Amino acid sequence: MATLEVESLTKRYGSARGVELVTFAIEPGEIFGYLGPNGSGKTTTIRCIMGLLRPTSGQVRVLGRRVVAGRATEHTRLGYLPGEFHIWPGIRAARSLNVLGRLGGGRRIAERRRQLAERFDLDLRRRVGDLSKGNRQKVALIYAFQHEPDVLVLDEPTAGLDPLMRQTALELIRESAERGATVLLSSHDLGEVSAVCGRAGILREGRLIEVAPISQIVQSSEHRLTVWFADGHLAPRLPGELAGVRVVRQKPGVLEIAYQGPANPVLKWLGRFAVERIATPQISLEDAFIQYYRQPSSASAARGGDA
Ligand SMILES: Nc1ncnc2c1ncn2[C@@H]1O[C@H](COP(=O)(O)OP(=O)(O)OP(=O)(O)O)[C@@H](O)[C@H]1O
């Protein structure tokens, strides 16, 4: 049963669009990626989930209970990492987290907090206002995870972290899902979403244009192939019958193409030449993502409209 449900969620700011008819559901143990460019509606959705914004229409249910804006809903079982984390700058990190932990109603959290600080290499005795951006983000992460919540709502959790700490944060997210937590992970970083998420939703201008397994999103994207010919002067032209293939770059002896669908027709054609070497750059979710925006309606139209 889904523990985080967003149903026909619409939020308008006056006449301005926030999100429009967004629907998705996440189950325990699942990490759901929430992707979209700036201003597409990720934070708006998350603030509605947290009861910090009142939806114009539609509803959100967390752990089976309807979220009412302005009222705490299951907050002891909910972990939240806001996009911008502002807490008392003059107070030591440890004390702030202690106070926030009590608000969350958690027990046994002091030990857990100590472990998390150790993993993140963070000195909790420092005043929050004296911490660097990345270290403040670690405080926000500890705040979200310290009470081992059942549902985690994370708005760009790795923003500002160095690569090592980013890995630590992703490990923590994975571990939480392994113990059964439901995770919503909003991100611009497509690499991290493909590393930890099983499914993802893609937002565009406030609408969810796709909800699919990450593997499917990657599969429906373009694939790249770079080919070096033994004859360094060769510059073959793509034959017309090779549908779904386009030249990305070409110079004598080297051809970079992008194709959709099976590789066989491309390989067959290449078999006519003396090919010295080929390379297939790893298909990044980023490539897939750009595709969605280049051809905004095709992916969702193929699957019968908005998710
Ligand atoms: N308080 C507000 N008043 C008016 N419009 C708003 C308000 N907050 C957000 N919006 C608008 O709602 C839309 C969605 O914004 P939102 O912050 O949810 O996007 P986002 O995907 O989180 O962006 P980012 O990646 O930049 O954080 C944007 O067009 C934004 O301008």
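This briefing covers the ligand shell, the open sheet with its helix, and the nonpolar core of the structure above. The model is predicted, so that local features need pLDDT of at least 70 and side-chain atom pairs count only at pLDDT 80 or more, while totals for chains, interfaces and linings use all residues. Residues are numbered from 1 along each chain as its sequence is written.

**Ligand shell**
- Around the ligand (C-beta atom, placed from the backbone, within 6 Å of it) are residues including Tyr13, Asn38, Lys42, Thr43 and Thr44.
- Strand E2 (16–26) and helix H1 (42–49) are the elements that give two or more residues to this shell, elements being DSSP runs numbered from the N terminus, with helices (H or I) of at least four residues and strands (E) of at least two.
- H1 gives the most, with 3 residues.

**Sheet and helix**
- Four strands form an open sheet in the order E2-E1-E4-E5 with antiparallel pairing, where two strands pair if DSSP finds at least two bridges between them.
- The edge strands, each pairing on one side only, are E2 and strand E5 (65–66).
- Strand E1 (residues 4–13) pairs with strand E4 (residues 57–62) in the antiparallel sense over 5 bridges, and glutamate 7 has glutamine 59 in E4 as its bridge partner.

**Nonpolar core**
- Helix H4 (residues 133–145) contributes the largest share of the largest nonpolar core, 7 residues.
- Leaving aside neighbours within four places in sequence, leucine 185 is in contact (C-beta atoms, placed from the backbone, within 7 Å) with residues including Ile31, Phe32, Leu154 and Val193.

Key: Two residues are in contact if their C-beta atoms, placed from the backbone, lie within 7 Å.
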